[in-house]
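User: I would like to go through the helix packing and the internal space of this model, with the reasoning behind each label spelled out.

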Amino acid sequence: MKVLKGNTFYVSGATNLGVFVHNDEVYLIDTGTNKNSIKSIFEKFDGKKITVLNTHFHADHCQNDYLAEKLGARILVPKKEYSFFVDGEMEGFYLYGARPTKCLRKSFFSIKPVSPDFLESESIPLKVIDLSGHSPGMVGFLTPDGILFSADVFFSSEILRKYGYPYHSDVGRALARMDEVLKMNFELVVPSHGKPLTDPEKDIKFNKEVIENHLNFLLDNLNQPRSLEEIMGLIGKKFEIVISEGTYYLFRSYVSSLLEYLERTGNIVGFLEEYYLYWKVSSSGVRADVE
């Protein structure tokens, strides 16, 4: 565990965890996937009241909530994402659209359920920031020391180059949230995946550029009708995105979000033909600004 400033700490890992100490209380931001990290935090702060503040429901962020609860912590979650914490298979259901297939019932997409309370109903010494877009109700936390834990509103450039796309369930809202982060006052920002930064502008601009490149590529390639899976193939091959059986569903969700954004901005339309839903550039010929 490393000191960032004052009473704000973080534990680096595949998913970074935040820790803020306030008098006899400890606020743990996310629980991640490493059980040893959670155990060591509880050992270090033995005797103090520990509250888990969840940024959002994705399993790589909250997989150890059950362990923290078992060790005596109180669990707080964004109200909009409550159902995902009380039913461990909801993330898989959300991605699949029905009872999740076998690959979506594995640990990367499922958690052991917990009994949380609503974050919005509690008074905490950290500022809660609406960062929805990556997931429907995602939040970030700004500590009194000026440290912003920004969840997955943006990803480090290194990680983004590795995977080829930044998963967001609402790319329009995610783009807006990134702009809002750039206008915020903080001393340091800690993304959930990547190193702490004094200035995230370079990484955020790269995140936006990747999304905008995908959007513009679709506008250039939907002059003829294409199905969702055809579109996934086009983007995947063009941008050399590698997927597995499980991450197929994340990629599908992301591409669906791109399409929803282009439909909402009047650039494309969807239509049903027999048993297939196709997407194509709007016949109005108006290309709205997607940047």
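Analyst: What follows is a set of questions on a predicted model, each answered by setting a value against its cut-off.

User: Why are α7 and α8 called roughly antiparallel to each other?

Analyst: The axes of α7 (residues 171-183) and α8 (residues 201-221) come within 10 Å and cross at roughly 160°; angles over 145 degrees count as roughly antiparallel, and α7 and α8 therefore receive that label. The crossing of α7 past α8 is left-handed.

User: Which residues in α7 and α8 meet?

Analyst: On the α7 side they are Val171, Leu175, Met178, Asp179, Val181 and Leu182, which meet Glu201, Ile204, Asn207, Lys208 and Ile211 of α8. By class, this contact of α7 with α8 comprises seven nonpolar, one polar and three charged residues.

User: What makes α8 oblique to α9?

Analyst: The axes of α8 and α9 (residues 228-238) come within 11 Å and cross at roughly 125°. Since that angle falls neither under 35 nor over 145 degrees, nor from 65 to 115, α8 is oblique to α9. Here α8 passes α9 in a right-handed crossing, and His214, Phe217, Leu218 and Asn221 in α8 meet Ile231, Leu234, Ile235 and Lys238 in α9. The residues of this contact divide into five nonpolar, two polar and one charged.

User: How many cavities of 30 Å³ or more are there, and how much space lies in the largest cavity?

Analyst: The count comes to one cavity of 30 Å³ or more, and about 60 Å³ of space lies in the largest cavity. Its lining includes Asn16, Asp30, Phe149 and Pro191, and by class the lining has six nonpolar, five polar and one charged residues.

Note on methods:
Residues are numbered from 1 along each chain as its sequence is written. This is a predicted model: local features need pLDDT of at least 70, side-chain atom pairs count only at pLDDT 80 or more; totals for chains, interfaces and linings use all residues. Side-chain values use heavy atoms; hydrogens and water are left out. Axes are lines fitted to C-alpha atoms, for helices over the stretch in contact, and angles run from 0 to 180 degrees between N-to-C directions. Helices (H or I, at least four residues) and strands (E, at least two) are DSSP runs, numbered from the N terminus. A crossing is left-handed if the near helix is turned anticlockwise from the far one by less than a right angle, and right-handed if clockwise. Contact means heavy atoms within 4.5 Å. Ala, Val, Leu, Ile, Met, Phe, Trp, Tyr, Cys and Pro count as nonpolar, Asp, Glu, Lys and Arg as charged, and the others, Gly among them, as polar. On a 1 Å grid over the protein atoms alone, a cavity is a set of points where a 1.4 Å probe fits but cannot get out, and a pocket is an open set with protein on both sides within 12 Å along at least five of seven lines; lining residues have an atom within 4 Å of a point. Grid points are joined across faces, edges and corners, and a volume is the space filled by probe spheres set on the points.
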